[in-house]
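I opened this model to go through its fold and a few single residues. My notes follow in the order in which I looked things up.

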Amino acid sequence: MTLRVDESEQGTWTVLRVSGELDLVTSPRLRRQVHEAVAEGRRDLVLDLSGVQFCDSSGVGVLIAARRLMRSCQGRLRLILPARGALDGSHVNKVLAALGVRRLFEVYGDVGSASDDLAEPLSA
């Protein structure tokens with residue numbers, strides 16, 4: 001399986017809808033798209049990971065690097081993962097929780113809430 005990244009706008013937020021496998025081979029593509037968005041001056045970024053079936057440590061590394069990049073340019077990064085908890089939710093949610101890095105991210109259940117500045121993130 002490959003990785004697909006589709007870009008759209010939701011208000012002031014740039015949404016990157018990611019689907020497929022986020023691994024050593026495919027993760028550079030997501031990294032590149034995040035960097036391109038920042039280079040184009042976009043500072044509010046949502047990564048919709050609800051379509052990701054597999055994520056390895058290199059994929060997690062891209063997510064952590066994206067968080068660091070957005071913070072360095074006073075931007076905001078939000079992730080979309082299925083609303084269920086880490087034990088019965090998405091693969092990405094399980095991996096982030098198992099590695100102890102889930103708490104680093106603002107996680108939302110859907111694009112609408114992720115792009116709403118008044119919405120509260122889901123608890124870890």
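**Entry 1. Glutamine 74.** I began with a single residue: glutamine 74 counts as exposed, because its relative accessibility is 68%. The cut-offs I use are under 20% relative accessible area for buried, over 50% for exposed and partly exposed in between, with a 1.4 Å probe and protein chains only. Glutamine 74 sits in the loop between α2 and β4, just after α2. Its phi is positive, about 55°, although it is not a glycine. I noted the general rule beside it: most residues other than glycine have a negative phi.

**Entry 2. Ground rules.** This is a predicted model, in which local features need pLDDT of at least 70 and side-chain atom pairs count only at pLDDT 80 or more, while totals for chains, interfaces and linings use all residues. Residues are numbered from 1 along each chain as its sequence is written, and side-chain values use heavy atoms, with hydrogens and water left out. Helices (H or I, at least four residues) and strands (E, at least two) are DSSP runs, numbered from the N terminus.

**Entry 3. The whole chain.** I counted up the secondary structure of the protein chain: 4 helices and 5 strands. From the N terminus on, the order is β-β-α-β-α-β-α-β-α. The C-alpha trace spans about 35 × 35 × 25 Å along its principal axes. I then compared the radius of gyration, 13 Å, with the value near 14 Å for a compact globule of 124 residues, and the two agree. That radius is taken over C-alpha atoms, and the globule rule is 2.2 Å times the number of residues to the power 0.38. Of the 124 residues, 46% count as buried. Among contacts (heavy atoms within 4.5 Å) between residues at least 6 apart in sequence, 66% join residues at least 24 apart.

**Entry 4. The sheet.** In what order do the 5 strands of the open sheet lie? I read β1-β2-β3-β4-β5, with mixed pairing. β1 and β5 (106–108) are the edge strands, each pairing on one side only. The twist averages 25° from one strand to the next. Two strands are taken to pair if DSSP finds at least two bridges between them. β3 and β4 (residues 76–80) run parallel and are joined by 5 bridges. Leucine 45 has leucine 77 in β4 as its bridge partner, and leucine 47 stands opposite leucine 79 in β4. Since 4 of its 5 residues are buried, β4 is largely enclosed by the rest of the structure.

**Entry 5. Helix α1.** I checked the length of α1 (residues 27–39): its 13 residues should span 18 Å at 1.5 Å a residue, and the end C-alpha atoms are 18 Å apart, which agrees. The expected span is 1.5 Å times one less than the number of residues. Which residues of α1 are buried? They are Ser27, Leu30, Gln33, Val34, Ala37 and Val38. They lie on the same side of α1, because they cover an arc of only 135° around the axis. That arc is taken from the directions between the helix axis and the C-beta atoms. Their cover includes β1 (3–10), β2 (13–22), β3 (44–55) and α2 (57–72). Just after α1, glycine 41 takes a positive phi of about 90°.

**Entry 6. Helix α2.** For the 16 residues of α2 I found 22 Å from the first C-alpha to the last, close to the 22 Å expected. Its buried residues include Val60, Val62, Leu63, Leu69 and Met70. The buried residues of α2 pack against β2, α1, β3, β4 and α3.

**Entry 7. Two charged residues.** Is arginine 42 buried or exposed? It is buried, with a relative accessible area of 19%. Arginine 42 lies in the loop between α1 and β3. Not counting residues up to four places away in sequence, arginine 42 touches Glu7, Glu9, Thr14, Ala37 and Met70. Aspartate 6 lies in strand β1 and counts as partly exposed at 32% relative accessibility. With the same sequence exclusion of up to four places, aspartate 6 touches Val15, Leu16 and Arg17. The C-alpha atoms of aspartate 6 and glutamine 33 are separated by 9.7 Å, and the two residues are 27 apart along the chain.

Technical notes. Axes are lines fitted to C-alpha atoms, for helices over the stretch in contact, and angles run from 0 to 180 degrees between N-to-C directions.
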